[in-house]
Amino acid sequence: NSIWVSTDHDEIEKVAKQFGAQVHRRSPEVSQDSSTSLEAIREFLNHHHEVDIVGNIQATSPCLHPSDLIKVADLIQKEGFDSVFSVVRRHQFRWSEVKKGENKMTEPQNLNPAKRYRRQDWPGELYENGSFYFAKRHLIEKGYLQGGKMAYYEMRAEHSVDIDIDIDWPIAEQRVLSFGYFGKEPLKEVKLLVCSIDGCLTNGRIYVTEDQKEMVSYDYRDIVGINLLKKRKIEVRLISERDCSKTLSAMQLGCVAKVSATNKLQVLEDWQKEIGLSWKEVAYLGNEESDVECLKKAGMSGVPADACAVAQKAAGYICKSNGGCGAVREFAEHIFLLLEKVNSARKQ
């Protein structure tokens, strides 16, 4: 019925409200580096007596699927459990730790070395994987996320991805491509990228020489990104509200372009119909208020890091790079990740 963000940070509050969430201002007491999730949850409950059950879903577990959460909610709401938490089955043999300087031998913890199991013959052990903790209000008020009538929910190993340290990040990205949740609709390949020229391909600045000639700057990485897209059979088209024909001619990109476009959405719709694509097959990179409707319409949408607020709100992906500083190449890489996901789904 409502979406809340608990934070003590002004900028996070601003962004949360911009995207339609309500904000609970977290107190300094539960906003320390050493503060726990439980402390923040308890404070929130003190201000929201209408909440009976809390599902604490960890952002560091990106392969969690809605179907798992529905089953867990049923365990609490329909089967009467007070708390449910996620686990994964692991096949790892444990040995006792021998600290440096201790004169003793290690001992097996969960195996008999004389009758060592093959991995496939051993049922393994259950470990918390940190994806979620569901608990009823009365437990949390006592200071517990686990207690009362407890149940675990065993998640599939391929869905048990936990980002704990930096090196986990690239591994998680690849796991998400193969096993992540991308919505109910089947994924489709992107076949057309439409990119706004000013503020995306360029940084939006126009330099004027003494003889009144205009110059713009661009990042060669973005040109490489466009060429890589073409090699993957993805057509790239460019659009601008101003007449920048000379600039495009000088850049020699070989892309279809529409300049002096007073209605970008109409141009995008014309191109989509001309090529015969569904909206799921169209990607759009924009940065201004005039791009908002195009960003909403396209199946995949992105903006540079320095795009205006309304464009950021409409986009599905916000680049780390600014316009004219690698944003096109970065968005191209984002498209390639989707293509890998599509290919993985086809293989499955």
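This briefing covers the domains, one sheet and the nonpolar cores of the chain. The model is predicted: local features need pLDDT of at least 70, side-chain atom pairs count only at pLDDT 80 or more, and totals for chains, interfaces and linings use all residues. Residues are numbered from 1 along each chain as its sequence is written, and side-chain values use heavy atoms, without hydrogens and water.

**Domains**
- An automatic or database assignment gives domain 1 (52-90 + 122-165) and domain 2 (192-346).
- Their C-alpha centres are 41 Å apart.

**Sheet**
- An open, mixed sheet has 4 strands in the order S3-S5-S4-S6 (strands are DSSP E runs of at least two residues, helices H or I runs of at least four, numbered from the N terminus; pairing takes at least two DSSP bridges).
- Strand S3 (53-57) and strand S6 (150-154) are the edges, each pairing on one side only.
- S4 (residues 83-90) runs parallel to S6, joined by 5 bridges, and Val 84 stands opposite Ala 151 in S6.

**Nonpolar cores**
- The largest core (buried Ala, Val, Leu, Ile, Met, Phe, Trp, Tyr and Cys residues joined through side-chain atoms within 4.5 Å; buried means under 20% relative accessible area, 1.4 Å probe, protein chains only) has 32 residues.
- Leu 201, Leu 229, Leu 238, Leu 253, Phe 331 and Ile 335 touch the most other members.
- Helix H12 (327-347) is among the elements giving two or more residues; H12 supplies the largest share, 9 residues.
- A second, separate core of 19 residues includes Leu 192, Trp 271, Leu 277 and Tyr 284.

Terms used. Buried < 20%, exposed > 50% of the residue type's maximum accessible area, 1.4 Å probe, protein only.
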